[in-house]
Amino acid sequence: MKIYMQVSKDRFALPEIIAESIPELAAKCGKNTHHLWLVISGKKKVKTQRYICVEVEEDETTDCHDAGGCNAGM
């Protein structure tokens with residue numbers, strides 16, 4: 001699964017806005033979808049990379065609520 005983010009301008013690049021698609025990220029941050037696609041894909045060079053795509057693995061573990069609560073079995 002891919003997650004698209006706008007990150008902070010500092011050296012830490014902390015997530016500011018998170019979305020599941022480029023159009024969703026564009027709507028949340030008020031940018032043009034095509035512009036974000038160009039920046040994220042690397043086809044447009046920018047001084048500070050504020051928009052990134054991160055590949056994450058979906059967690060296969062059960063949710064706390066499905067397993068009887070977070071303290072189940074304690």
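Is Ala-26 buried or exposed, and what is its relative accessible area? Ala-26 is buried, with a relative accessible area of 4%. This value, like the others here, comes from a predicted model.

## Overall layout

The protein has two helices and three strands. Read from the N terminus, the elements follow the order β-β-α-α-β. The chain counts 74 residues, and 23% of them are buried. The accessible surface amounts to about 5700 Å². Carbon and sulfur atoms hold 52% of that surface. Contacts between residues at least 6 apart in sequence include a share of 33% that join residues at least 24 apart.

## The sheet

The three strands make an open sheet, ordered β2-β1-β3, with antiparallel pairing. β2 (15-19) and β3 (51-55) are the edge strands. Each has a single partner strand, so one side of each lacks a neighbour in the sheet. On average, neighbouring strands are turned by 30° against each other, direction ignored.

Strand β1 covers residues 2-7 and pairs with β2 in the antiparallel sense over four bridges. Within that pairing, Met-5 has Ile-18 of β2 as its bridge partner. On β1's pairing with β3, five bridges are formed, again in the antiparallel sense. There, Lys-2 has Glu-55 of β3 as its bridge partner.

Five of the six residues of β1 are buried, so the strand is largely enclosed by the rest of the structure. Gln-6 lies in this strand. Gln-6 is buried, at a relative accessible area of 9%. Beyond residues up to four places away in sequence, Gln-6 touches Leu-14, Pro-15, Glu-16, Ile-17, Leu-25, Cys-29, Arg-50 and Tyr-51.

## The loop between β1 and β2

Ala-13 sits in the loop between β1 and β2. Its phi is near 50°, a positive value in a residue other than glycine. Most residues other than glycine have a negative phi. Ala-13 is partly exposed, with 37% relative accessibility.

The three residues singled out by accessibility are set side by side below.

| Residue | Place | Relative accessible area | Class |
|---|---|---|---|
| Gln-6 | strand β1 | 9% | buried |
| Ala-13 | loop between β1 and β2 | 37% | partly exposed |
| Ala-26 | helix α1 | 4% | buried |

The cut-off behind these classes is simple: buried means under 20% relative accessible area, exposed means over 50%, and partly exposed falls in between.

## Helices on the sheet

How do the helices meet the strands? Helix α1 (residues 22-29) packs on the sheet and touches β1, β2 and β3. The direction of α1 makes about 135° with that of β2. Helix α2 (residues 33-41) also packs on the sheet. α2 touches β1 and β3, and its direction makes about 65° with that of β3.

The helices also meet one another. The axes of α1 and α2 come within 9 Å and cross at roughly 115°. The crossing is right-handed. On the α1 side, the contact uses Ile-22, Pro-23, Leu-25, Ala-26 and Cys-29. On the α2 side, Thr-33, Leu-36, Trp-37 and Ile-40 take part.

Ala-26 belongs to helix α1. Apart from neighbours within four places in sequence, Ala-26 is in contact with Lys-31, Asn-32, Thr-33 and Leu-36. Ala-26 and Trp-37 are 11 residues apart in sequence. Their C-alpha atoms are 9.4 Å apart in space.

## The nonpolar core

Which residues form the largest nonpolar core? The core has 11 residues: Tyr-4, Ile-17, Ala-19, Ile-22, Leu-25, Ala-26, Cys-29, Leu-36, Val-39, Ile-40 and Tyr-51. β2, α1 and α2 are the elements that give two or more residues to this core. The largest share, four residues, comes from α1.

Leu-25 is one of the core residues. Leaving out neighbours within four places in sequence, Leu-25 is in contact with Tyr-4, Met-5, Gln-6, Ile-17, Ala-19, Leu-36, Ile-40 and Tyr-51. Ala-26, the residue of the opening question, is also in the core.

Technical notes: Residues are numbered from 1 along each chain as its sequence is written. This is a predicted model: local features need pLDDT of at least 70, side-chain atom pairs count only at pLDDT 80 or more; totals for chains, interfaces and linings use all residues. Side-chain values use heavy atoms; hydrogens and water are left out. Two strands pair if DSSP finds at least two bridges between them. Axes are lines fitted to C-alpha atoms, for helices over the stretch in contact, and angles run from 0 to 180 degrees between N-to-C directions. Contact means heavy atoms within 4.5 Å. Buried means under 20% relative accessible area, exposed over 50%, partly exposed in between (1.4 Å probe, protein chains only). Accessible areas come from the Shrake-Rupley method with a 1.4 Å probe; for residues, only the protein chains shown count as cover. A nonpolar core is a set of buried Ala, Val, Leu, Ile, Met, Phe, Trp, Tyr and Cys residues joined through side-chain atoms within 4.5 Å. A crossing is left-handed if the near helix is turned anticlockwise from the far one by less than a right angle, and right-handed if clockwise.
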